[in-house]
Amino acid sequence: MSGVWVFKNGVVRLVENPGDCHGATGRRKMLVHLSSNEVMTSYAALERKLYSLGWERYYDDPDLLQYHKRSTVHLISLPNDFNRFKSMHMYDIVVKNRNEFEVRDM
């Protein structure tokens, strides 16, 4: 069983094989910071938001961007190249930062 767990309206469901930046609908996805309504178009923009939420950057693996929040056991791991940033990474960020980010269709 492969896919991404999606939390929506208090219900959790598994979206199988979400693909690159495409979800089950086949449409491209974008990560949006809710309070500012800003679309995350680069890692620099995303990193600013994560830092403001208390996430810290790990520099152990040169092939990954990794962030950890001291108050949790969560770790966000992202590919070094933003072009390889997929919907599964977006949903990982959403789940670990509830009410802060949302994945939307483009």
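Asp-105 is partly exposed, at 28% relative accessibility, where buried means under 20% relative accessible area, exposed over 50% and partly exposed in between, with a 1.4 Å probe and protein chains only. Its side chain meets that of Lys-29 in a salt bridge of 2.4 Å, N to O, the term standing for a side-chain nitrogen of Lys or Arg within 4 Å of a carboxyl oxygen of Asp or Glu. This is a predicted model, in which local features need pLDDT of at least 70 and side-chain atom pairs count only at pLDDT 80 or more, while totals for chains, interfaces and linings use all residues. Residues are numbered from 1 along each chain as its sequence is written, and side-chain values use heavy atoms, with hydrogens and water left out.

**Salt bridges**

- The count of salt bridges comes to six, and one of them, between Asp-105 and Lys-29, links distant parts of the chain, since Asp-105 lies in strand β8 and Lys-29 in strand β3, 76 residues apart; helices (H or I, at least four residues) and strands (E, at least two) are DSSP runs numbered from the N terminus.
- Lys-29, at 10% relative accessibility, counts as buried, whereas its partner Asp-105 counts as partly exposed.
- Within helix α2, Asp-92 and Lys-96 lie four residues apart, about one turn of the helix, and their side chains meet in a salt bridge of 2.8 Å, N to O.
- An α-helix has 3.6 residues a turn, so residues three or four places apart point the same way.
- Glu-102 and Arg-104 form a salt bridge with their closest N and O atoms 2.6 Å apart; Glu-102 is partly exposed at 32%, and Arg-104 is partly exposed at 28% relative accessibility.

**Aromatic pairs**

- Four aromatic pairs are counted, under the rule that rings of Phe, Tyr and Trp (its six-membered ring) pair if their centres lie within 6.5 Å, with planes under 30 degrees apart taken as stacked, over 60 as edge-to-face and the rest as tilted.
- The rings of Tyr-43 and Phe-85 have centres 5.8 Å apart and planes at 75 degrees, so this pair is edge-to-face.
- Because Tyr-43 lies in helix α1 (residues 43–52) and Phe-85 in the loop between β7 (75–79) and α2 (87–96), the pair ties together parts that are 42 residues apart in sequence.
- Phe-85 also forms a stacked pair with Phe-82, at 5.2 Å centre to centre and 25 degrees between the planes, and ring pairs link Tyr-43, Phe-82 and Phe-85 into a cluster.
- In this cluster Tyr-43 is buried at 11% relative accessible area and Phe-85 is buried at 3%, while Phe-82 counts as partly exposed at 25%.

**The surroundings of His-68**

- His-68 is placed in strand β6 (residues 64–69) and is buried, with a relative accessible area of 16%.
- Its contacts, meaning heavy atoms within 4.5 Å, include Gly-54, Trp-55 and His-74, when residues up to four places away in sequence are not counted.
- Gly-54, just after α1, takes a positive phi of about 95 degrees.

**Positive phi outside glycine**

- Asn-37, in the loop between β3 (29–33) and β4 (38–39), has a positive phi near 55 degrees and is partly exposed at 49% relative accessibility.
- Asn-99, in the loop between α2 and β8 (101–105), has a positive phi of about 65 degrees although it is not a glycine, and it counts as exposed at 72% relative accessibility.
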